[in-house]
Structure formats: C-alpha cells, structure tokens
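This report describes a single protein chain, going from overall composition to strand pairing, core and charged pairs. The sequence and the structure come first.

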Amino acid sequence: MFICSDVFSATNSDATLFETDEIVYDKNTGKFTTVGDVKIDYKSNKLLTKQMEYDVKTKEITADGRIDISNKDSVMDTQKLVINTETD
C-alpha cells in the first residue's frame, strides 16, 4: 500500500483536476481510496465529496456519503454515485 497525490492524468483539452487531502492505493485490491475533501473538475462538471474509491480493474469510481455534482446547467446532490470511466 502506498500514498500518492495524483491519480488521474491530464490529456489534451479534457484535463481532469483532482484534489484530495489523502489518496491511498492498495495493490492487493487494485483500488485507490481518497480520504478527506475530494474535488474533481472535468470540463464544466464539478464533484465534491468526502470519500471516493477508484477501481483500476473495473474502471469504476464509487462515492458514498454527501456528494454534490454541478455543471453550468444544474446542481444535484446524492448519497451514492457510481461512474464507469470507460463509458464516459
């Protein structure tokens, strides 16, 4: 297990800005888990939450707890979110 500061890479104009207090990678499970305030900016979309997990094998992001999602047209909040990064 190790701790790093950046998971997502920026590509072309589709840069993803990712901020969190701490991120931990478990090589046994292939999952990154964030701890603390999490903020993701992607294109015009923003996601704020306290905890999130990224599964390298399934390419899924899962967030539990209070989740705020916004873009230029709408604002939404939910308690659970699952996104597959391959099916954008």
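How many of the 88 residues of the protein, as a percentage, count as buried? The share is 27%.

## Model and confidence

The model is predicted. The protein averages a pLDDT of 81, and 82% of the residues score at least 70. Residues 1–12 have a pLDDT below 50, and this stretch has 20 contacts in the model beyond near neighbours in sequence. Where pLDDT is low, predicted coordinates should not be read in detail.

## Overall composition

The secondary structure comes to six strands and zero helices, so the pattern read along the sequence is β-β-β-β-β-β. Among contacts with a separation of 6 or more, 26% are between residues 24 or more positions apart.

The accessible surface of the protein comes to about 6000 Å². Carbon and sulfur atoms account for 50% of that surface.

## Strand pairing

Strands β2 and β3 pair in the antiparallel sense over ten bridges. One of the pairings places T20 with V38 in β3 as its bridge partner. The hairpin of β2 and β3 has four residues between the strands, and G30 takes a positive phi near 75° there.

Strands β4 and β5 run antiparallel and are joined by seven bridges. L47 has I69 in β5 as its bridge partner. These two strands also form a hairpin, with four residues between them. In the turn, K59 has a positive phi of about 65°.

Strand β5 pairs with β6 (residues 75–84) as well, again in the antiparallel sense, over nine bridges. A63 stands opposite L81 in β6. The connection from β5 to β6 is a hairpin through four residues.

## Nonpolar core

The largest nonpolar core has 14 residues. Those with the most contacts inside this core are F18, I40, L47, M52, I67 and L81. The elements that give two or more residues to the core are β2 (16–26), β3 (31–42), β4 (45–55) and β5 (60–70). The largest share, four residues, comes from β5. In soluble globular proteins, nonpolar side chains tend to be buried together.

Two of these core residues also appear in the strand pairings described above. L47 is the residue whose bridge partner in β5 is I69, and L81 in β6 is the residue opposite A63.

## Surroundings of T34

Is T34 in strand β3 buried or exposed? T34 has a relative accessible area of 1%, and therefore counts as buried, the limit being under 20%. Not counting residues up to four places away in sequence, T34 touches F18, T20, E22, I23, K50, Q51 and M52. Two of these contacts, F18 and M52, are listed among the residues with the most contacts inside the largest nonpolar core. Another, T20, is the bridge partner of V38 in β3.

## Salt bridges

The count of salt bridges comes to six. Side chains of opposite charge can pair when their charged atoms come close.

K31 forms a salt bridge with E53, and the closest N and O atoms are 3.7 Å apart. This pair links distant parts of the chain, with K31 in strand β3 and E53 in strand β4, 22 residues apart. Both residues are partly exposed: K31 has a relative accessibility of 26%, and E53 has 25%.

The side chains of K80 and D64 meet in another salt bridge, at 3.3 Å from N to O. Because K80 lies in strand β6 and D64 in strand β5, the pair ties together parts that are 16 residues apart in sequence. D64 counts as partly exposed, at 37% relative accessibility.

K39, D41 and K46 are joined into one network by salt bridges that share partners. Within this network, K39 forms a salt bridge with D41, the closest N and O atoms being 3.9 Å apart. K39 counts as partly exposed at 31% relative accessibility, whereas D41 is buried, with a relative accessible area of 14%.

Key. Residues numbered from 1 in each chain as written. Predicted model: local features only at pLDDT ≥ 70, side-chain atom pairs only at ≥ 80, totals over all residues. Heavy atoms only, no water. Core = buried A, V, L, I, M, F, W, Y, C linked by side-chain atoms within 4.5 Å. Buried < 20%, exposed > 50% of the residue type's maximum accessible area, 1.4 Å probe, protein only. Contact = heavy atoms within 4.5 Å. Pairing = 2+ DSSP bridges. pLDDT = per-residue confidence, 0-100. Areas by Shrake-Rupley, 256 points an atom, 1.4 Å probe, with all protein chains shown as cover. Salt bridge = Lys/Arg side-chain N within 4 Å of Asp/Glu carboxyl O.
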